[in-house]
Amino acid sequence: MRTHTRFQTVLAVVAALVFPAFLSAQVKIYIMTDLEGVSGVYKFAQTREKDTPLNLQACEYFMQDLAAVVRGLRDGGATEVLVVDGHGSQAIIPHMMAPGAKYATGRPKPGIGLWGLDASFTGMVQFGAHAMMGTPDGVLNHTQSSIPENRYWYNGIESGELAQCALIAGHFGVPTVLVTGDEAACREATKFFGPACVTVAVKRGISREAAVLYPFEESRKALYEGARKAVAAIPQCKPYVLKLPIEAKMQYLDPKSGLPQPRLITREWTIPDALHLLESR
Ligand SMILES: [Zn+2]
């Protein structure tokens with residue numbers, strides 16, 4: 001009896017010490033979104049021009065994929081979710097917002113780095129991502145700007161938007177915990193962020209504007225499960241960082257030089273830290 005009582009006391013003390021801390025632990029997730037890597041999107045006619053019938057339909061696909069991710073994150077234990085509309089022409093449709101998150105949209109969103117991102121976040125999700133410029137099986141592959149075919153290197157490592165966003169998050173010690181997109185974007189994510197980062201593919205690229213699409217119902221189930229899993233995987237995920245200062249190189253096709261072969265321009269510069277990564281591009 002005595003032992004039992006003492007055991008109960010110890011349990012009560014441990015619970016009092018551990019559980020309040022556990023219960024009050026905030027799991028804040030930042031979702032950076034893009035449009036090219038969502039279900040059913042495979043041609044630039046869906047992503048480049050705003051508010052066309054094709055674009056509006058793509059934005060609906062985006063919102064339905066996004067809802068699955070938000071639900072999965074919340075069910076997985078996320079206490080706060082901020083979604084930031086990252087696609088150039090913006091993609092959030094207000095009447096389709098799933099509960100359990102806040103949604104930042106419209107342009108411009110001033111400031112350096114990524115709007116609203118700081119060290120208070122526990123993890124970053126890169127939603128609707130695409131592979132870097134030049135990836136043969138990357139659906140709608142590009143880096144920042146698709147028409148001049150921009151390419152970027154940081155400390156000699158060719159990097160796409162996945163690495164760029166992860167570097168900015170890494171500046172704040174925030175790891176990338178989930179990447180959704182096509183198979184090529186998922187492969188790129190694993191290469192840069194390691195196997196702990198959860199990936200969910202919603203299609204497989206055949207070429208830049210051709211893809212094997214996965215059915216919406218199956219993709220959204222996988223997105224929900226992936227998001228749940230990603231919250232649990234946060235302790236294993238590491239922020240993506242590079243040695244500072246970062247030596248940057250960029251190549252692009254000069255829009256002013258004509259056909260048949262536009263002139264290739266190379267720029268090189270030094271970036272003090274990853275927060276300023278996209279400032280002088
Ligand atoms: Zn993009």
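Two strands are said to pair if DSSP finds at least two bridges between them, and I would like to begin there, since much of what I will show you concerns strands and their partners. Please keep in mind throughout that this is a predicted model.

Let me start with the sheet of 7 strands, which is open and has the order E3-E2-E1-E4-E7-E8-E9, with mixed pairing. Strand E3 (102-104) and strand E9 (210-213) stand at its edges, and because each has a single partner strand, one side of each is left without a neighbour in the sheet. On average, and with direction ignored, neighbouring strands of this sheet are turned by 25° against each other.

Moving into the sheet, E7 and E8 run parallel and are joined by 5 bridges, and as an example of residues that face one another, Val 179 stands opposite Thr 199 in E8. Helix H4 packs on the sheet here, where it touches E4, E7 and E8, and its direction makes about 155° with that of E7.

E4 also has its partners in this sheet: 5 bridges join it to E1, with the two strands running parallel, and 4 bridges join it to E7, again in parallel. If you would like particular residues to look for, Tyr 30 has Met 124 in E4 as its bridge partner, while Ala 129 has Gly 181 in E7. How many of the 7 residues of E4 are buried? The count is 7 of the 7, so the strand is largely enclosed by the rest of the structure.

From E4 we can walk to the zinc ion, whose protein donors are Asp 34 (OD), His 130 (NE2) and Glu 161 (OE), lying 2.0 to 2.2 Å from it. Asp 34 sits in the loop between strand E1 (28-33) and H2, whereas His 130 sits in the loop between strand E4 (123-129) and strand E5 (151-154), so that this pair, 96 residues apart, links distant parts of the chain. Are Asp 34 and His 130 buried or exposed? Both of them are buried.

The remaining name in that list of donors, Glu 161, takes us to helix H3, where it is one of the buried residues. Of the 11 residues of helix H3 (residues 161-171), 10 are buried, so this helix is largely enclosed by the rest of the structure. What do these buried residues pack against? Their partners are E1, E4, E5, E6, E7 and helix H4 (183-193). Just after H3, Gly 173 takes a positive phi of about 75°.

Next comes helix H5 (residues 216-233), which has 18 residues and reaches 25 Å from its first C-alpha to its last, close to the 26 Å expected at 1.5 Å a residue. H5 lies across E7 and E8 and runs at about 140° to E8. Its buried residues, among them Leu 223, Tyr 224 and Val 231, pack against helix H2 (53-76), strand E7 (176-182) and strand E8 (198-207).

In E8 we also find Ser 207, which is partly exposed, with a relative accessible area of 33%. Not counting residues up to four places away in sequence, Ser 207 touches Pro 136, Gly 138 and Val 139. The C-alpha atoms of Ser 207 and Tyr 42 are separated by 9.5 Å, although these residues are 165 residues apart along the chain.

There is a second open sheet, this one of 4 strands in the order E6-E5-E10-E11, with antiparallel pairing. Strand E6 (157-159) and strand E11 (264-271) are at the edges, each with a single partner strand, and therefore one side of each lacks a neighbour in the sheet. Within this sheet, E5 and strand E10 (residues 246-253) pair in the antiparallel sense over 4 bridges, and Tyr 154 stands opposite Ala 248 in E10.

Finally, a word about the cysteines. How many disulfides does a search of the whole structure find? The search finds 0. For Cys 59, the nearest cysteine sulfur is that of Cys 165, 18 Å away, and for Cys 186 it is that of Cys 197, 8.7 Å away, whereas a disulfide would need the two sulfur atoms within 2.5 Å. Cys 59 counts as buried at 3% relative accessibility, and Cys 186 counts as buried at 6%.

Definitions and conventions: Residues are numbered from 1 along each chain as its sequence is written. This is a predicted model: local features need pLDDT of at least 70, side-chain atom pairs count only at pLDDT 80 or more; totals for chains, interfaces and linings use all residues. Side-chain values use heavy atoms; hydrogens and water are left out. The expected span of a helix is 1.5 Å times one less than its number of residues. Buried means under 20% relative accessible area, exposed over 50%, partly exposed in between (1.4 Å probe, protein chains only). Contact means heavy atoms within 4.5 Å. Donors are N, O and S atoms within 2.8 Å of the metal (3.2 Å for Na, K and Ca); water is not among the atoms, so sites may look incomplete. Axes are lines fitted to C-alpha atoms, for helices over the stretch in contact, and angles run from 0 to 180 degrees between N-to-C directions.
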